[in-house]
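Let's take a stroll through a protein model and look at how its parts touch. Keep the sequence and the 3D view handy as you read.

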Amino acid sequence: MMVTTGNVFVGAPGSKWFDNTLENLKASPFEHEIFDGDQAHARFPRLRIGEGELAVWEPNGGVSLVQPALLAIQQLGREAGVEVRYGEKVLDWSAADSGVVVRTASGEYGADRIVVTAGAFSNKVLGLNFPTRVERQVLANFRMDLDAERFPATYIAAPPGDDSAPSYGCPEPDGTFKFSVVGKGNVIDPDALSQDVTDADLDRVLSIVRDRIPEIQGDPVSTTVCMWTESEDGHWLIGRHPDSDRVVLGAGCNGRGFRYAPVIGSILADLTEGVDHPELARFDLSRYELDRLHV
Ligand SMILES: Cc1cc2nc3c(=O)[nH]c(=O)nc-3n(C[C@H](O)[C@H](O)[C@H](O)COP(=O)(O)OP(=O)(O)OC[C@H]3O[C@@H](n4cnc5c(N)ncnc54)[C@H](O)[C@@H]3O)c2cc1C
């Protein structure tokens, strides 16, 4: 479920994401080392380190395998009495003083409270108008000359002055190396997501991956298009629905919701039981004017 590959973050001091990452690591208990250009080149000969760049190495970094992790979470849920239903679309819900009714394609369910975590579809399912954007993201998988499994999970910071999120890649269980250049401004309607990849999409990925990992010169063996939700201020939306305390919601994950799922899940469970988390006020919906949230 978790493969320890080590994590390398390459960037130049002055690059926003690189500096922030380093600052956070220094304040954390996580083991890490900082290599200058020559050291980084010796340590990571398969990776091109640019002039003036550093590499931050986290030996315990790794890749969480999504499918096994989701299956494990569902299994733990079943053991705790959860019934998992697949392929049953929620059509709508309504909340009253007595409880919540959820209507799906297969029937109706009554509950005291519900938790909604509908990802890119959050606004649609919640009937709200969060200031979020659903961004299309393109991933490409490549064959490597040498063993991809020995390549660390890799982040490449954009140069100083460019606030784009880092490009990233990691070895995949099928022996390929996955790489993505984070797209910004490629906003879509989640219902319109397609797997079509354009030449411009590929050029963006190829221009960085071929430069940074020179052994990758061929075309990708596969591509995937997916989407994530960016909130206006880059923070989660965690709290209760403005129209009903009975509806708890978690949304606006900004491309990093997976790794925090266990802790966010625990917070959402607390909220259903009336346990508040004032320390998480920055994620609360009260930071928005109510008028803005309603459709
Ligand atoms: C390319 C890419 C790379 C990423 N990399 C990372 C990473 O390295 N680390 C990290 O932590 N995160 C990463 N993320 C982000 C992470 O995947 C999301 O933040 C996380 O999946 C959000 O979890 P969620 O449960 O809120 O939503 P989702 O995982 O999107 O789940 C929402 C679910 O709700 C279902 N749903 C929606 N509408 C309805 C309806 N009407 N009825 C029934 N079901 C419905 C959907 O089908 C879906 O199964 C990445 C995302 C992408 C796209």
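## A salt-bridge network

Start with Glu 83, which is exposed, with a relative accessible area of 58% (buried means under 20% relative accessible area, exposed over 50% and partly exposed in between, using a 1.4 Å probe and protein chains only). Its side chain meets that of Arg 85 in a salt bridge, at 2.7 Å from N to O. That term stands for a side-chain nitrogen of Lys or Arg within 4 Å of a carboxyl oxygen of Asp or Glu. Arg 85 itself counts as partly exposed, because its relative accessibility is 47%. Add Glu 88 to Glu 83 and Arg 85, and you have a network of salt bridges.

Before going on, a word about what you're looking at: this is a predicted model, where local features need pLDDT of at least 70 and side-chain atom pairs count only at pLDDT 80 or more, while totals for chains, interfaces and linings use all residues. Residues are numbered from 1 along each chain as its sequence is written, and side-chain values use heavy atoms, with hydrogens and water left out.

## Two domains

The domain assignment splits the chain into domain 1 (2-60 + 140-225) and domain 2 (85-131 + 234-293); such bounds come from an automatic or database assignment. Four residues from domain 1 and four residues from domain 2 take part in the contact, meaning heavy atoms within 4.5 Å. Measure from C-alpha centre to C-alpha centre, and the two domains lie 32 Å apart.

How much area do domain 1 and domain 2 bury between them? It's about 340 Å², with 49% of it on carbon and sulfur atoms. Buried area here is the accessible area (1.4 Å probe) that two parts lose on being put together, summed over both. On the domain 1 side, Tyr 155, Pro 190 and Asp 191 lose the most area to domain 2, together 85% of what that side buries.

## Bridges across the interface

Now for the charged side chains. Two salt bridges cross the interface of domain 1 and domain 2. Lys 124 meets Asp 189 in a salt bridge, at 3.0 Å from N to O. Lys 124 also forms a salt bridge with Asp 191, where the closest N and O atoms are 2.5 Å apart. That second pair joins distant parts of the chain, 67 residues apart: Asp 191 is in the loop between strand E13 (177-180) and helix H5 (199-212), and Lys 124 is in helix H4 (residues 122-126). Helices (H or I, at least four residues) and strands (E, at least two) are DSSP runs, numbered from the N terminus. Lys 124 counts as partly exposed, because its relative accessibility is 43%.

## One more long-range pair

Across the whole structure, a search finds 16 salt bridges. One of them pairs Asp 276 with Arg 240, the closest N and O atoms being 2.9 Å apart. These two are 36 residues apart, with Asp 276 in the loop between H6 and helix H7 (290-293) and Arg 240 in strand E15 (residues 237-241). Asp 276 is partly exposed at 47% relative accessibility, and Arg 240 is partly exposed too, at 23%.

## An odd backbone angle

Finally, check out Asn 254, which has a positive phi of about 55 degrees although it is not a glycine. You'll find Asn 254 in the loop between strand E16 (244-251) and helix H6 (261-272). Is Asn 254 buried or exposed? Asn 254 is buried, because its relative accessible area is 7%.
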